[in-house]
Amino acid sequence: MADAEDVNEVIEEGRTSMEKALERFGRELTKVRTGRASTSILDGIVVDYFDTPTPLNQLATLSVPDPRMIVVSPFDKSAISSIEKTIFASDLGLTPSNDGKVIRIQIPPLTEERRKLLVKQVRKIAEEHRIRVRDARRDCLSLLKDLEDDGLSKDDRHRAEKKVQDLTDSFVKKIDELTSQKEKDVLEV
């Protein structure tokens, strides 16, 4: 026999799925380039270091001395050329240069056309994550339907469905707010 505890479990499971979708969305947004330098642009870079794929942030210190430049200071100077090649080969469109001690990455200003493409990319990523939130809602509603089959009253199911919908609306609103903020950052000259 289904009870309130089962309903709360379903709602919490939905909340957890939606929170994960929101966190993933936030991480995806940090990878979208704005006109300013940010070390998060390099988060996905993995360097082949002594035949071991190693994240760049474990091989070097990353810093932003000014809004248009990222400086990569490798802990091991022998890795500098492989770091430079990996950054250049990435699909980020960045051109690193090294002086034997550090790698400097000049961040070129974004063209108006590139800004519009990035805004489209942000909107596409946002929609993908809205879909994930709605998928979590669908899963919750399905579980609530199963609970009704196990003895949950119709009224309790409808109240739980309302809670799930409110939860969904709040997470979609958070995604919309983050999207709006990122679009503003991208379009900012």
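**Exercise 1. Work out whether glutamate 148 is buried or exposed, and find what touches this residue.**

Step 1. At 15% relative accessibility, glutamate 148 counts as buried, because buried means under 20% relative accessible area, exposed means over 50%, and partly exposed is in between (1.4 Å probe, protein chains only).

Step 2. Place the residue: glutamate 148 sits in helix H4. Helices here are DSSP runs (H or I, at least four residues), strands are DSSP runs too (E, at least two), and both are numbered from the N terminus.

Step 3. Look for contacts, meaning heavy atoms within 4.5 Å. Leaving aside neighbours within four places in sequence, glutamate 148 touches Lys154 and Arg157.

Before you go on, a word on the model. It is predicted, so local features need pLDDT of at least 70 and side-chain atom pairs count only at pLDDT 80 or more, while totals for chains, interfaces and linings use all residues. Residues are numbered from 1 along each chain as its sequence is written, and side-chain values use heavy atoms, with hydrogens and water left out.

**Exercise 2. Describe how helix H5 packs against H4 and against H1.**

Step 1. Two packed helices are described by the angle between their axes and the distance between the axes. Axes are lines fitted to C-alpha atoms, for helices over the stretch in contact, and angles run from 0 to 180 degrees between N-to-C directions.

Step 2. Take H4 (residues 112–149) with H5: the angle is about 170° and the axes are 10 Å apart. That pair is therefore roughly antiparallel. The cut-offs are under 35 degrees for roughly parallel, over 145 for roughly antiparallel, 65 to 115 for roughly perpendicular, and oblique for the rest.

Step 3. Sort the contact of H4 with H5 by class: 15 nonpolar, four polar and twelve charged residues. Ala, Val, Leu, Ile, Met, Phe, Trp, Tyr, Cys and Pro count as nonpolar, Asp, Glu, Lys and Arg as charged, and the others, Gly among them, as polar.

Step 4. Now take H1 (residues 4–31) with H5 (residues 154–187): the angle is about 10°, with the axes 10 Å apart. That makes H1 roughly parallel to H5.

Step 5. Name some of the residues that meet. In H1 they include Val7, Ile11, Leu22 and Phe25, and in H5 they include Val164, Leu167, Phe171 and Ile175. By class, the contact of H1 with H5 has twelve nonpolar, four polar and five charged residues.

**Exercise 3. Lay out the four-stranded sheet and find its edges.**

Step 1. The sheet is open, its order is S3-S4-S6-S5, and its pairing is antiparallel. Strands count as paired if DSSP finds at least two bridges between them.

Step 2. S3 (60–66) and S5 (96–98) are the edge strands, each with a single partner, so one side of each has no neighbour in the sheet. Neighbouring strands are turned by 25° against each other on average, direction ignored.

Step 3. Zoom in on S3 and S4 (residues 69–74): they pair over five bridges in the antiparallel sense, and a hairpin of two residues joins them. Check the register: alanine 60 has proline 74 as its bridge partner, and threonine 61 stands opposite serine 73.

Step 4. Pick one residue in S4. Methionine 69 lies in this strand and, at 15% relative accessibility, counts as buried. Its contacts beyond four places in sequence include Ala37, Val64, Ile105 and Ile107.

**Exercise 4. Which residues of helix H3 are buried, and which are exposed?**

Step 1. Ile80, Ile83 and Ile87 are the buried ones. They cover an arc of only 65° around the axis, which puts them on the same side of H3; the arc is that of the directions from the helix axis to the C-beta atoms.

Step 2. Turn to the other side of H3, where Lys85, Phe88 and Ala89 are exposed.

Step 3. Ask what covers the buried side: strand S1 (46–49), helix H2 (56–59), S4, S5 and S6 are included.

**Exercise 5. Find what phenylalanine 50 and aspartate 51 have in their backbone angles.**

Step 1. Most residues other than glycine have a negative phi. Phenylalanine 50, however, has phi near 50°, and aspartate 51 has phi near 60°; each value is positive in a residue other than glycine.

Step 2. Locate them: phenylalanine 50 lies in the loop between S1 and S2 (52–55), and aspartate 51 is found in that loop as well.

Step 3. Check accessibility. Phenylalanine 50 counts as exposed at 64%, and aspartate 51 is exposed at 71%.
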